[in-house]
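Colleague: I am new to this structure and would like to be taken through it. Could we begin with the interior and then move outward?

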Amino acid sequence: MSDTSTASADNKIIGFKRELKYITTVDAETGEVISHVKMRDKHKKLGVGWMATYKHGAEILATLPLTGEQHKVLWALIAKLDFDNYIRVSQADLAKCTGIERTHIARAIKALITNDVIVEGPRAGLHKTYRLNPNIGHKGSNIEQTVVEYEQLKQLQEQTLFLIPVMPH
């Protein structure tokens, strides 16, 4: 086999490795695995530049009571969209990108979660992850699995809203 590679219709050559990092969230009390997040190395440029959007999703966004600032944060989040609809970005990076104050970024993200545009995922290092509602748009190869995982994250988020921390006396 030669050192040079050629591509034809029958033999497509992809010049990158699919390197994934798995981040696992574990319940500290039970040791139960709560979730896994597949994150691509942020320095790899795999899949940059595309996502599928849906007309129905555009209609959903058009009817939501979001401010211009909240839409700006949403588009900044979508610009960071990774495979399987995961988004990993710090609020400081969003503030720098959009020119919006960090406190307003937090409020905008809360509004996007409340309106079911995104859902909060597990932490990836120091940063939170989010997942775009797959009814609005999708980036990845398995939309059905993304829908299932999105709904699971929503249920987990709703369950944690009802947890009341017990403070020791």
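**The core, the sheet and the charged pairs**

Modeller: The largest nonpolar core has 24 residues, and those that touch the most other members are Val73, Leu77, Ile109, Leu112, Val117, Ile118 and Leu132. Please keep in mind that this is a predicted model.

Colleague: Which elements each supply at least two residues of this core?

Modeller: They are helix H2 (68–79), helix H3 (91–98), helix H4 (102–114) and strand E6.

Colleague: Take Val117, then. What is Val117 in contact with, leaving aside its neighbours within four places in sequence?

Modeller: Val117 is in contact with Leu61, Leu64, Leu74, Leu112, Arg131, Leu132, Asn133, Ile136 and Tyr150.

Colleague: Arg131 is on that list. Where is Arg131 placed?

Modeller: Arg131 lies in strand E6, which covers residues 129–132.

Colleague: Is Arg131 buried or exposed?

Modeller: Arg131 is buried, as its relative accessible area is 0%.

Colleague: Which side chains does Arg131 join through polar contacts?

Modeller: One polar contact, of 2.7 Å, runs between the side chains of Arg131 and Glu149. Another, of 3.2 Å, runs between the side chains of Arg131 and Tyr86.

Colleague: And what else is Arg131 in contact with?

Modeller: Beyond its neighbours within four places in sequence, the contacts of Arg131 include Asp84, Asn85, Val117, Ile118, Val119, Thr146, Tyr150 and Leu153.

Colleague: Let us turn to the sheet. In what order do the strands come?

Modeller: Three strands form an open sheet in the order E4-E6-E5, with antiparallel pairing. Strand E4 (86–88) and strand E5 (118–120) stand at the edges; each has a single partner strand, so one side of each is left without a neighbour in the sheet. From one strand to the next, the twist averages 30°.

Colleague: Over how many bridges do E5 and E6 pair?

Modeller: E5 and E6 pair over three bridges, in the antiparallel sense. Val119 stands opposite Arg131 in E6.

Colleague: Which elements of the sheet does H4 touch?

Modeller: H4 packs on the sheet and touches E5 and E6. The direction of H4 makes about 110° with that of E5.

Colleague: A change of topic: how many salt bridges does the structure hold?

Modeller: The structure holds four salt bridges. In one of them, Lys154 pairs with Asp116, and the closest N and O atoms are 3.4 Å apart. This pair links distant parts of the chain, 38 residues apart: Lys154 is in helix H5 (residues 143–161) and Asp116 is in the loop between H4 and E5.

Colleague: Why does Lys154 count as buried?

Modeller: Lys154 counts as buried because its relative accessible area is 19%, and the cut-off for buried is under 20%. Asp116, at 28% relative accessibility, is partly exposed.

Colleague: Which residues are linked with Lys154 in a network of salt bridges?

Modeller: The network links Asp116, Glu151 and Lys154. Glu151 forms a salt bridge with Lys154, where the closest N and O atoms are 3.6 Å apart. Glu151 and Lys154 are separated by about one helical turn, because they are three residues apart in helix H5. Glu151 is partly exposed, at 33% relative accessibility.

Colleague: What does Glu120 form a salt bridge with?

Modeller: Glu120 forms a salt bridge with Lys128, the closest N and O atoms being 3.8 Å apart. Glu120 is partly exposed at a relative accessible area of 28%, and Lys128 is partly exposed at 31%.

Technical notes: Residues numbered from 1 in each chain as written. Predicted model: local features only at pLDDT ≥ 70, side-chain atom pairs only at ≥ 80, totals over all residues. Heavy atoms only, no water. Helix = DSSP H or I, 4+ residues; strand = E, 2+ residues; numbered from the N terminus. Buried < 20%, exposed > 50% of the residue type's maximum accessible area, 1.4 Å probe, protein only. Polar contact = N/O pair within 3.5 Å; in protein donor to acceptor, adjacent residues only side chain to side chain. Contact = heavy atoms within 4.5 Å. Core = buried A, V, L, I, M, F, W, Y, C linked by side-chain atoms within 4.5 Å. Pairing = 2+ DSSP bridges. Axes fitted to C-alpha atoms, helices over the stretch in contact; angles between N-to-C directions. Salt bridge = Lys/Arg side-chain N within 4 Å of Asp/Glu carboxyl O.
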